[in-house]
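The following exercises are meant to be worked through with the sequence and the coordinates side by side. Each task is followed by a solution that proceeds step by step.

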Amino acid sequence: MTRKVILDVDTGTDDAIAIMLAAYAPALDLMACTTAWGNHDVGTTTTNTLRILDLIGRGNIPVYKGLGKPFAPIPFLFEGHVDSEREIIHPHDFPAPPTQLKAADQPAVEWLVETLRATTEQVTLVPVAPLTNIAAALTLDPKITEAVDEIVIMGGAHALGNVTASAEANIWHDPVAADVVFQAGFERLVLVPLDATHKANMSLEHTSALRSLISPAARVAADIVEQRIHGYNETQPQVQPDSAPVHDALCIAYLMDPAVIDIAPYHVAIETVSPVGFGKTIVDVAARTRKKPNAFVALDADAERFNKLLYEAISEGR
Ligand code: RIB
Ligand code: CA
């Protein structure tokens with residue numbers, strides 16, 4: 001039996017690879033993509049999502065356009081963050097061909113609530129964008145958690161940061177939304193932070209293997225990852241030279257093969273107030289708060305397993 005999945009994206013280069021994987025994985029039934037602001041404005045993230053689905057021949061998967069600004073406004077002006085570097089990693093000139101596909105008429109949050117209320121089978125939610133849409137849906141109907149067997153979130157960081165010294169982009173963009181999601185009482189919440197995604201990097205060797213598959217999807221996937229490698233070389237050089245994380249794809253890889261990440265239960269709190277730590281995920285690895293774990297957090301990943309799985313999925317799906 002296939003597992004029903006809703007992917008919430010802000011496409012985005014790594015989102016694009018996550019969409020390919022989710023659409024190709026035979027064990028997953030990608031019900032829809034919902035889009036949020038984040039890497040770009042929500043109009044652009046929606047078009048990029050449609051472009052990828054068209055490229056891979058999955059234009060039948062509906063796309064619902066979501067919210068375009070944070071659930072709660074950021075309470076102060078920011079200095080010293082590096083959000084402006086985003087264009088190097090997620091260029092506006094998106095490397096997939098234009099499309100005639102259009103988003104569905106219904107807004108994403110409305111569709112999420114309606115679908116999760118109506119479903120007779122539990123659904124897996126995979127938000128790999130700011131948690132704006134999910135928090136808004138939970139605010140409309142907190143009981144939608146009951147329809148979700150697992151929520152797998154790309155976001156946060158324990159020992160790293162990519163927007164500030166301690167905050168990761170998806171959480172930093174809308175920390176109040178993240179707080180709403182972490183306190184919503186999901187049956188099982190899995191957090192895939194930077195600590196794990198930076199352990200599953202892709203290198204130029206991996207992109208040349210993809211290129212040798214000779215299909216439009218494989219070529220675009222290789223272009224996208226090479227763009228990321230170039231961007232990371234410029235902005236956040238990695239321990240392994242000429243390599244980059246492909247964050248969002250690791251969440252889908254986890255659904256295909258849970259052994260691709262190492263998870264353990266921890267209590268996670270979201271910093272929503274302090275200007276210095278704004279948007280940080282505080283993972284209580286030493287159980288100092290004595291609070292009950294509310295998440296399974298991935299602090300490590302298996303790069304070889306991830307890359308093999310990705311290569312096989314794109315090779316079989318093309
Ligand atoms: O910090 C990484 C996350 O931020 C990824 O989801 C990426 O697509 C960006 O949105
Ligand atoms: Ca993303």
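## Exercise 1: Helix packing

Helix 1 passes helix 11 in a right-handed crossing. The model is a predicted one, and the values used in these solutions are computed from it.

Task: Determine how helix 1 is oriented relative to helix 11, and identify the residues that make the contact.

Solution. Begin with the axes: those of helix 1 and helix 11 (residues 247-256) come within 6 Å and cross at roughly 20°. Because angles under 35 degrees count as roughly parallel, helix 1 is roughly parallel to helix 11. Then list the residues on either side: helix 1 contributes Asp14, Asp15, Ile17, Ala18, Leu21 and Ala22, while helix 11 contributes His247, Asp248, Ala249, Ile252, Ala253 and Met256.

Task: Repeat the analysis for helix 11 and helix 12.

Solution. Helix 11 and helix 12 (residues 303-317) pack with their axes 10 Å apart, at an angle of about 85°. Since angles of 65 to 115 degrees count as roughly perpendicular, helix 11 is roughly perpendicular to helix 12. On the side of helix 11 the contact is made by Ala249, Leu250, Ala253 and Met256, and on the side of helix 12 by Phe306, Leu309 and Ala313.

## Exercise 2: The calcium site

Task: Which protein donors surround the calcium ion (ligand 2), and which parts of the chain does the pair Asp10 and Val128 tie together?

Solution. First, collect the donors: Asp10 (OD), Asp15 (OD), Asp15 (OD), Val128 (O) and Asp248 (OD) lie 2.3 to 2.9 Å from the calcium ion (ligand 2). Next, read their spacing in sequence, which is D-x4-D-x112-V-x119-D. Asp10 lies in the loop between strand 1 (3-9) and helix 1 (13-24), and Val128 lies in the loop between strand 4 (123-127) and helix 5 (132-140), so the pair ties together parts that are 118 residues apart in sequence. Finally, consider accessibility: Asp10 is buried, with a relative accessible area of 1%, and Val128 also counts as buried, at 1% relative accessibility.

## Exercise 3: Backbone geometry

Task: Locate the cis peptide bond that involves Gly12, and place the positive phi values of Asp242 and Arg290 in their structural context.

Solution. Start from the general expectation that most residues other than glycine have a negative phi, and that most peptide bonds are trans. A cis peptide bond joins Thr11 and Gly12, with omega about -10°, and Gly12 lies in the loop between strand 1 and helix 1. Asp242, a residue other than glycine, has a positive phi near 50°; Asp242 sits in the loop between helix 10 (216-235) and strand 8 (243-244) and is partly exposed, with a relative accessible area of 35%. Arg290, which is not a glycine either, has a positive phi of about 60°; Arg290 is found in the loop between strand 11 (281-283) and strand 12 (295-301) and is exposed, with a relative accessible area of 64%.

## Exercise 4: A loop asparagine

Task: Is Asn162 buried or exposed, and what does its side chain reach?

Solution. Asn162 belongs to the loop between strand 5 (148-154) and helix 6 (169-172). Its relative accessible area is 16%, and because buried means under 20%, Asn162 is classed as buried. The side chain of Asn162 reaches the backbone nitrogen of Ala169 at 2.9 Å. Leaving aside neighbours within four places in sequence, the residues in contact with Asn162 include Val82, Leu194 and Gln236.

Methods:
Residues numbered from 1 in each chain as written. Chains lettered and ligands numbered in written order. Predicted model: local features only at pLDDT ≥ 70, side-chain atom pairs only at ≥ 80, totals over all residues. Heavy atoms only, no water. Helix = DSSP H or I, 4+ residues; strand = E, 2+ residues; numbered from the N terminus. Buried < 20%, exposed > 50% of the residue type's maximum accessible area, 1.4 Å probe, protein only. Polar contact = N/O pair within 3.5 Å; in protein donor to acceptor, adjacent residues only side chain to side chain. Contact = heavy atoms within 4.5 Å. Donors = N, O, S within 2.8 Å, 3.2 Å for Na, K, Ca; no water. Axes fitted to C-alpha atoms, helices over the stretch in contact; angles between N-to-C directions. Parallel < 35°, antiparallel > 145°, perpendicular 65-115°, else oblique. Left-handed = near helix turned anticlockwise from the far one by under 90°.
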